[in-house]
Amino acid sequence: MITKFVIGFNFFIIFYVFAINFVYFIQLILAIFNLHEYIEKLKYSDYKNYIVSDNMIPISILVASYNEENTIASNVSSILALQYPMFEVVVINDGSKDRSLEELIKNFDLVKINKPIHKRIETERVKAIYGSKTYTNLIVIDKENGGKADALNAGVNIANYPIVASIDADSILESDALVRVIMPFIEDRNTAAVGGIVRIANGSKIVDGRVIDVNIPKNKLARFQIVEYLRAFLIGRVGWDAINSLLIISGAFGVFRKDILIKTGGYAHTIGEDMELVLKIHRYSLDNKLNLRVKFIPDPVCWTQAPENLKSLRTQRRRWQVGLMQSLFSYKDMLFKPRYKHIGIFMLPYYWIFEMIGPLIELLGYILIPVSYFIGVLNLKYMLLFFSVSILYGIILSLGALLLEEYTFHKYPKPKHIIILSIYAILENFGFRQLMTYYRVEGILRYNKLKNKWGEIKRTQF
């Protein structure tokens, strides 16, 4: 009985690996063409002239902050220095227990102001609103703790402008990011949301909230994550964007039409509020036959801190897995429904099969394939060939992402950067990838205990 199960599972693994690698290959091809088209468009774009144009759509930038005293001042400074004709920065202090609010008051000369709140989305109580004597476009909300989604909803309630951007308190935007990310809204009136690429700031030189010298970190965990992020964004999200099938906009940097945010009820109180919101927009669009689009732009760069210790990395990856599961469970009624078109017929099943339960299947594969060899149902050549092909394909994808980075935006200017990252693209398949799988399996098995816990990740000053 056990032998039959192991043999059956082996055949399933062969089919599963073939299927997921085929999807990754399609993503890679789509990403290559999509990035080429985007780069060609940039050659003839005069977007830099829009920096001083009075015709640009004004933007409200929301920064939800909880216990971010080490990074909040530099983050807000970098946002205030962005090159854009008209924008406001709304910082929401979500009941921080550290000195986040005091840091804001000290660095930006804040005073309490009377400002009406149009409460279109219910949130926890706002205790005070502050304005800056120095920066007229800076507002700080001090509210009772309600979580990131609640904080962002409070920001939406007070935002003055029709486009709302959210950025994490531990992240930094490049100076022209807003000009680039607003273009899809100008080019296509059906654009409801736009996500930008997120890159790892660890190791880079940052002065006054601006990245002035891109470098790679000395920390090995952070180097592995650079490769991961390039693969996820330059292949995964660029590829899905090409067929209007994007289901995730990173919570670190996302831009939305405020009217759509309000009509869909704002951010949900889940750990995966970024994916949940995108799914909600897709459903709202398809239910009402609005043809709204969710776009990804590969070059408005948001720099963020990556965890540099295993404890923080474990917390992050378990949280990502739990957030993914929460979103998929919330929208399971869209599965295989023709009215939800490619989102319901293809994308959601893909996320269920390959992203949600994929870590479990991968972990079982690592266990049962060697077991198959020891009980005599699998020969050594087959086992070694299987693992070699799987690892080789992972290496090809990671190296492909690095080549796309070099071809497109060339953010890592020194040849030694690419050499080092290429080495890590190979090494990640021998331990790091398996460890991330284990953390994600932990998230699956401990879902009920973790679904209401955000967890804390250690941050340092930029």
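Start by selecting Glu187 and Lys41: their side chains meet in a salt bridge, with 3.5 Å from N to O. Keep in mind as you click around that this is a predicted model. Show the backbone too, and you'll find Glu187 in helix H5 (residues 177-187) and Lys41 in helix H1 (residues 2-43), so far along the chain from each other that 146 residues separate them. Lys41 is partly exposed, at a relative accessible area of 42%.

Stay on H5 and pick Arg180. What does Arg180 form a salt bridge with? The partner is Asp299, and the closest N and O atoms are 1.9 Å apart. Asp299 sits in strand E12 (residues 293-304) while Arg180 belongs to helix H5, so this pair ties together parts that lie 119 residues apart in sequence. Buried or exposed, for Asp299? Buried, with a relative accessible area of 7%. Arg180 counts as buried as well, because its relative accessibility of 16% falls under the 20% cut-off.

Next, select Arg318 and Glu442. They form a salt bridge whose closest N and O atoms are 4.0 Å apart. This pair also links distant parts of the chain: Arg318 is in helix H9 (residues 310-330), Glu442 is in helix H13 (residues 415-445), and the two positions lie 124 residues apart. Color by accessibility here and both ends come out buried, Arg318 at 12% and Glu442 at 11%.

For a salt-bridge network, pick Asp94, Lys143 and Asp150, which are linked in one. If you'd rather hunt for others yourself, a search of the whole structure turns up 23 salt bridges.

Now go to helix H2, residues 72-80. How many of its nine residues are buried? Seven are, which leaves the helix mostly covered. To see them, select Ile72, Ala73, Asn75, Val76, Ser78, Ile79 and Leu80. Then switch on what surrounds them: these buried residues pack against strands E1 (59-65), E2 (87-94), E5 (138-143), E6 (163-168) and E7 (171-173), and against helix H3 (100-108).

Leu80 makes a handy stepping stone, since Tyr135 touches Leu80 and Phe108, leaving aside residues up to four places away in sequence. Tyr135 itself is found in the loop between strand E4 (126-132) and E5. Its relative accessibility is 33%, so Tyr135 counts as partly exposed.

From Tyr135, jump across to Leu392. Put a distance label on the two C-alpha atoms and it should read 53 Å, for residues 257 apart along the chain.

The last stop is a helix pair. Select H11 (residues 358-374) and H12 (residues 380-408): they pack at an angle of about 160°, with their axes 9 Å apart. That angle makes H11 roughly antiparallel to H12. Rotate the view to look through one helix at the other, and you have H11 passing H12 in a left-handed crossing.

Which residues of H11 and H12 meet? On the H11 side, show Tyr366, Ile369, Pro370 and Tyr373; on the H12 side, show Leu380, Met383, Phe386 and Phe387. Color them by residue class and the contact divides into eight nonpolar, no polar and no charged residues.

Notes: Residues are numbered from 1 along each chain as its sequence is written. This is a predicted model: local features need pLDDT of at least 70, side-chain atom pairs count only at pLDDT 80 or more; totals for chains, interfaces and linings use all residues. Side-chain values use heavy atoms; hydrogens and water are left out. Helices (H or I, at least four residues) and strands (E, at least two) are DSSP runs, numbered from the N terminus. Buried means under 20% relative accessible area, exposed over 50%, partly exposed in between (1.4 Å probe, protein chains only). Contact means heavy atoms within 4.5 Å. Axes are lines fitted to C-alpha atoms, for helices over the stretch in contact, and angles run from 0 to 180 degrees between N-to-C directions. Angles under 35 degrees count as roughly parallel, over 145 as roughly antiparallel, 65 to 115 as roughly perpendicular and the rest as oblique. A crossing is left-handed if the near helix is turned anticlockwise from the far one by less than a right angle, and right-handed if clockwise. Ala, Val, Leu, Ile, Met, Phe, Trp, Tyr, Cys and Pro count as nonpolar, Asp, Glu, Lys and Arg as charged, and the others, Gly among them, as polar.
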